Amino acid sequence: MSSSRQASAPESAAALHRPVCELLKCSLPLVLAGAAGPELVAAVTQAGGFGFLDVPEAPPARLREEVLAVRAHTDRHFGVEMNPAATEPALLEAQIAACIELRVPVAGLLGVLSRTAVRQLREAGVVVACQVSSVSAACEAEGAGAQILIVQGREAGDAVRGAQPLAAILADVLVLASVPVLAAGGIADGADIAAALAAGAQGAVLGAAALQAHEDEGQGTAPLEKIASAGRRLHQLASDAAASLRGRALRFPERVMLSSPVCYADELAPSSKNN
């Protein structure tokens, strides 16, 4: 950690809180995405973050099972990720209908924008977050009604669509966006989270690997123990991020002084740990 004193959960939440937390109904702007199952989604959500359930190509019956499995462990808000570009239209329609029927609070749309999906979900009262990897895609998604933009840099790994590093695309989108922006791509620890927030993002998107149990907490444990372990890991990341933010000086380019807080790209440059 960058501080000798570990922040408590309430202190971390206060230091990291951003307006997007109100939209997602969470206390920490730490979002789980990627290949996440019900147990991990429940762990992150119950610990104060926000989890997206990954259901690519899942039929409605399975989607229902996964949603109910999350709700068996938490009554807090979570989301469901869908991929319009990689899902047959009929199945996508069925997934959207299932989400609406199940009153899923938030839907994350990956890949190519589907204006129809955004409209259907918004009309049903579902908050819509769209993943984007270019300025043009961000503008199109916001214009279609997306309430949150998930800006993905090329560091994201398997599902990368864009060629720009997170630092560059995040700064460019923040200049134009009028909705909350989350940063995604290569965010693995508290320092990465702090850098994203300092850059002007309202939250950071973590992959499941960032929440893996420490070796001393063991693998192959019971589901409830895994949930508790992931929750502890999330709180540690939040504490580390709050400590890293402490005393950080923000720099605001003149062109955005009156809008989103944006730092220059080197705020998100790879740290020495990656050299």
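Author: A helix axis here is a line fitted to C-alpha atoms over the stretch in contact, and angles between axes run from 0 to 180 degrees between N-to-C directions. Keep in mind that this is a predicted model.

Reader: OK, so at what angle do helix α7 and helix α8 pack?
Author: Find α7 at residues 135–144 and α8 at residues 166–176. On the α7 side, V135, A138, C139 and E142 make the contact, and on the α8 side I169, D172, V173 and L176 do. The crossing is right-handed. The two axes lie 9 Å apart, and the angle between them is about 35°.

Reader: Zooming out, how many helices and strands does the protein chain have?
Author: The chain has 275 residues, and 51% of them count as buried. Among contacts with a separation of 6 or more, 59% join residues 24 or more positions apart. As for the elements, count ten helices and eight strands.

Reader: What do the eight strands close into?
Author: Follow the order β1-β2-β3-β4-β5-β6-β7-β8, with parallel pairing. Neighbouring strands in this sheet are turned by 25° against each other on average, direction ignored. Strand β1 (residues 30–32) also joins strand β8 (residues 203–206) through three bridges. Put together, the eight strands close into a barrel.

Reader: And which residue is the bridge partner of L30 in β8?
Author: β1 and β8 run parallel and are joined by three bridges. For L30, the partner in β8 is A204.

Reader: Is V181 buried or exposed?
Author: V181 sits in strand β7, residues 181–184. Leaving out residues up to four places away in sequence, V181 touches L149, V151, L170, V173, L174, A201, Q202 and G203. Buried means under 20% relative accessible area. V181 has just 1%, so V181 counts as buried.

Reader: How far apart are the C-alpha atoms of V181 and L197?
Author: V181 belongs to strand β7, while L197 is one of the buried residues of α9. Along the chain they are 16 residues apart, and their C-alpha atoms are separated by 10.0 Å.

Reader: Which residue caps the N-terminal end of α9?
Author: Helix α9 covers residues 190–198, and eight of its nine residues are buried. After the helix comes G200, with a positive phi near 115°. At the N-terminal end, a side-chain oxygen lies 3.2 Å from the backbone nitrogen of A191, and that oxygen belongs to D189.

Reader: Which helix gives the largest share of the largest nonpolar core?
Author: This core has 70 residues, and V80, M82, L149, L170 and I193 have the most contacts inside it. A second, separate core has 16 residues, including A33, V106, A129 and I148. Back in the largest core, the largest share is eight residues, from helix α10.

Reader: Last one: which side chain does a polar contact of 2.6 Å join to that of T74?
Author: T74 lies in the loop between α4 and β3. With a relative accessible area of 4%, T74 is buried. Not counting residues up to four places away in sequence, T74 touches A42, T45 and Q46. The polar contact joins the side chain of T74 to that of Q46.

Conventions:
Residues are numbered from 1 along each chain as its sequence is written. This is a predicted model: local features need pLDDT of at least 70, side-chain atom pairs count only at pLDDT 80 or more; totals for chains, interfaces and linings use all residues. Side-chain values use heavy atoms; hydrogens and water are left out. Helices (H or I, at least four residues) and strands (E, at least two) are DSSP runs, numbered from the N terminus. Buried means under 20% relative accessible area, exposed over 50%, partly exposed in between (1.4 Å probe, protein chains only). Contact means heavy atoms within 4.5 Å. A polar contact is a pair of N or O atoms within 3.5 Å; within protein, one must be able to donate a hydrogen and the other to accept it, and residues adjacent in sequence count only if both atoms are side-chain atoms. Two strands pair if DSSP finds at least two bridges between them. A nonpolar core is a set of buried Ala, Val, Leu, Ile, Met, Phe, Trp, Tyr and Cys residues joined through side-chain atoms within 4.5 Å. A crossing is left-handed if the near helix is turned anticlockwise from the far one by less than a right angle, and right-handed if clockwise.
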